[in-house]
Structure formats: structure tokens, C-alpha cells
Amino acid sequence: MRVLLISEVMWPYGGGGELATYLWLRILSPVLKITVATAKIDKRSIDELKGLGIDTVQMSSIDTSSRTKLWISLERAKGYIKNLLQGYDLVWIPRLCYPVITISRQLAKPVIVHLHDYVSVDPSGAVVSPRYGYSMLRLLGLRNYVRRMLVSPLWRKVIAYLDQATMTVFVSNRQKDIICSKRPTLCRSYSVLPNPLPRITTGALTTETLDRVLGIISNHEYILFGGGLSKLKGFDIVKKLARIFAKHGILTVVSKARRLYFDKEAGIVYVPRLSYSEYIKLLGSAKAFLYPSIYEEPLPYAVIEALLVGVPPVVTYVGGIPEILGRRYPMYVTDTSWNTLNAIANKLIKNYDDISEHIKNRAEILRNTWRDNKLRDSFITMIKRIIGRDGDSNHL
């Protein structure tokens, strides 16, 4: 079986969805003949995919500078897309190339749509948890909120294509429940498959930026937040927690900020965007990882990475996070009051060894239940459901 994966960008560009796609390609390449069609990919990724037996096609006419421009350019490239699809048995769309669905179905080709966010139910791609009392306007800001309204007509047209997909793949049960409640037509045929675990390596990496950061935080314990200044990712809560931890002599490092800056009064070290290796190096030495997102995170790699390196996350009870950490994990931020946040900080400090042991045990559970071979078998079983074959997976 020949599979064509169409994604606007490929890892290391993009975010968690692109990383998940790359990891899926690694574990599926031994049993499927896959070609990747994308508008943006670097040479290193092309070489890595080639080493896995995966061909790449560069879609130079596709504009990835915004979601709107992506969809418009795909609509205009229907003839090119139609020719591209020839010779493939299955089309796999792991991100936002939804206009390809209708072309594929016109050619009677089955389509898997892999959902890593909530674009299918909201133009922003986000669904806000009702638990914490935030409005979408407050989280996005006026400019982004207006932009969300302006793109709604095109968004409604494009997401209608999703109803034609042969199979919808969700990455967590919570994501599935949210989307199915808002758009049940996407759940006529679906699978819930957690994303593959990331391959984390920590070495003796040193860079000028990282050295400057380490110089500021030297001789201090610190906790790390990787969401920049995003209110959607919980920056409002982070600022409150930072003041509490500062009273205990613990700094808060905020990555993805605009520049390197140390706010001594707030106890926050702002750090510009780091490379993945730099970020993992910083994470590995943190006392804890903050992820108080207001967004119903489908299955955030940031939390999984902290778990796998043994760093306790302080998180909100949203999205697929309980499916990663377990519902009885003791470090959930259940509301944003000062009393609750003080209690969370005190619990982390006083019960650190017990919390670390929970993290260690939970990481082992994930390594066992989300093993590559198990995920590969589940994906192949799903494909067999689509194409109606009962033969050995190697026949695919």
C-alpha cells in the first residue's frame, strides 16, 4: 500500500502536531510505503526521512505564511493536488490541509484526518476550559479575537471538507469528547491513538544564550515555563506562582519571551525562544515544570517531556493532561485563587520526593502502554478497517 502524507510543514518546523507526525513516520516506515508532500521542510529532515525509506515532495506553490493563505493556495492548486494523488492508495492529513480531502474523495481514495488541535470546531484552533473562568476574548486579546471572527466564513467552508474524511484520528479521549459533542459528524468513524513518545536526549550542550541564562540562575533552584507570554498557556497563573515560589528562593524561568531579562521583583527570568536541545537541557535541571494552560490541551508534548525527564509538572486539569499524569496526580491547579496556588507551592516543596516518585512510576506506565510497536499495530489495524483487508500488515 502506498500512503501519501500531506502536511503544510514538517518537523522541526511547527509544533507538537508536526513532532508527532515525524515520530509516527519513524515507527510506521518499516511497514508502510510512505511519501511526504509538504511546502516547508529542511534538508536534515529530508535526509532523515530518506534514510527511513520515505520519499519527499516539495509543494512550492503552497503558501504556509498563515492558515488562511494555506487554504486559499490549496484551493487554487486543485489540479496540481489531483495529479499528486495519482498512484497512492491512502491519503493521510495530519495537520490543516483540509481542501485535499474533497479532491481525494473525488478520486475514491480513503482519507485519514489526524486532529492535533481544535480547528475542526473553532477558527482559533483552541477550546477554552470552562473550569477557570476565562473568556476567549480575554485570552486571545482584541486583535486576535477580531481576526478569529473575520476568518470564520472561510473556516466554515474549509472544515466542511472534514465530513468527507474516511477516518478521524484523535490523540486523547478528552479531545474526542469535546469535538464529538460539537461536531458529531466527525465521529461516525474514528480512532483514539496517543502520539508516540518523544526521543529525549540530554548531553553536554552549551550555547551563548544558554550560558547567559545559566549564569543568571546559578546557585538558585528554578522552575520552568515554556509557554512564553501566552495567557492561553497560563501566563497569568505563572506570574502569581512565580511570586509565591520567589518567597521560597525559587526562580521562575519563562522561555519564548521577547528577550533575555531578569525581573528580580517578580522572581522571573525571561528567556528568548530556545532550540529544542537548549530547552531540554534547561528542563532537565528544573525543580518543576509549570503548565497551567487554560486551553483544553489535546495531549501536550511539553508535559510528556517533563514526565520523561523526571521533572514534576504543575498543571491545570484540562484536555488530555489527566491521561498523561493520571487523575489522582497531586499537582493539579484546580482554580486560580491565591490560597490554592499557595497550597500547590507548599505541597511541591514539602512532598517533593513523593511527587517525584509518582512521576517516575507514571513515566514507566507510559513507556509500557505507549510503546512504538503497540502504536504501530493500532495504526495498521485502523488502516485495515479503512481498506477492508484482513491480511498480514506486511501486505500493506
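**Arg-183, the disulfide and a helix crossing**

Arg-183 is buried, with 16% relative accessible area. The model described here is predicted. Arg-183 sits in a loop. That loop runs between helix H8 (173–182) and strand S7 (190–192). Leaving aside residues up to four places away in sequence, Arg-183 touches Ser-120, Val-121, Ile-159, Ala-160 and Asp-163.

A search of the whole structure returns one disulfide. The bond joins Cys-180 to Cys-187, with an S to S distance of 1.8 Å. The general chemistry is simple: a disulfide is a covalent bond between the sulfur atoms of two cysteines. The torsion about the S-S bond of Cys-180 and Cys-187 is about -95°, so this disulfide is left-handed. Both partners fall under the 20% limit for burial. Cys-180 has a relative accessible area of 17% and is therefore buried. Cys-187, at 16%, is also classed as buried. A further cysteine, Cys-97, has a relative accessibility of 0% and so counts as buried.

The packing of two helices was examined next. Helix H3 spans residues 67–76, and helix H7 spans residues 152–159. Their axes come within 11 Å of each other. The axes cross at roughly 50°. An angle counts as roughly parallel under 35 degrees and as roughly perpendicular from 65 to 115. H3 and H7 are therefore oblique to each other. The crossing of H3 past H7 is left-handed. On the H3 side, the contact is made by Thr-68, Trp-71, Ile-72 and Glu-75. H7 contributes Leu-154, Trp-155, Lys-157 and Val-158. By class, the residues of this contact of H3 with H7 comprise five nonpolar, one polar and two charged. Ile-159, one of the residues touched by Arg-183, belongs to the span of H7 (residues 152–159).

A last site lies in helix H15 (residues 352–369), which includes Asn-368. Asn-368 has a relative accessible area of 35% and is therefore partly exposed. This value lies between the limits of 20% for buried and 50% for exposed. Asn-368 and Ser-29 are 339 residues apart along the chain. Their C-alpha atoms are separated by 21 Å.

Note on methods:
Residues numbered from 1 in each chain as written. Predicted model: local features only at pLDDT ≥ 70, side-chain atom pairs only at ≥ 80, totals over all residues. Heavy atoms only, no water. Disulfide = S-S within 2.5 Å. Buried < 20%, exposed > 50% of the residue type's maximum accessible area, 1.4 Å probe, protein only. Helix = DSSP H or I, 4+ residues; strand = E, 2+ residues; numbered from the N terminus. Contact = heavy atoms within 4.5 Å. Axes fitted to C-alpha atoms, helices over the stretch in contact; angles between N-to-C directions. Parallel < 35°, antiparallel > 145°, perpendicular 65-115°, else oblique. Left-handed = near helix turned anticlockwise from the far one by under 90°. Nonpolar A, V, L, I, M, F, W, Y, C, P; charged D, E, K, R; others polar.
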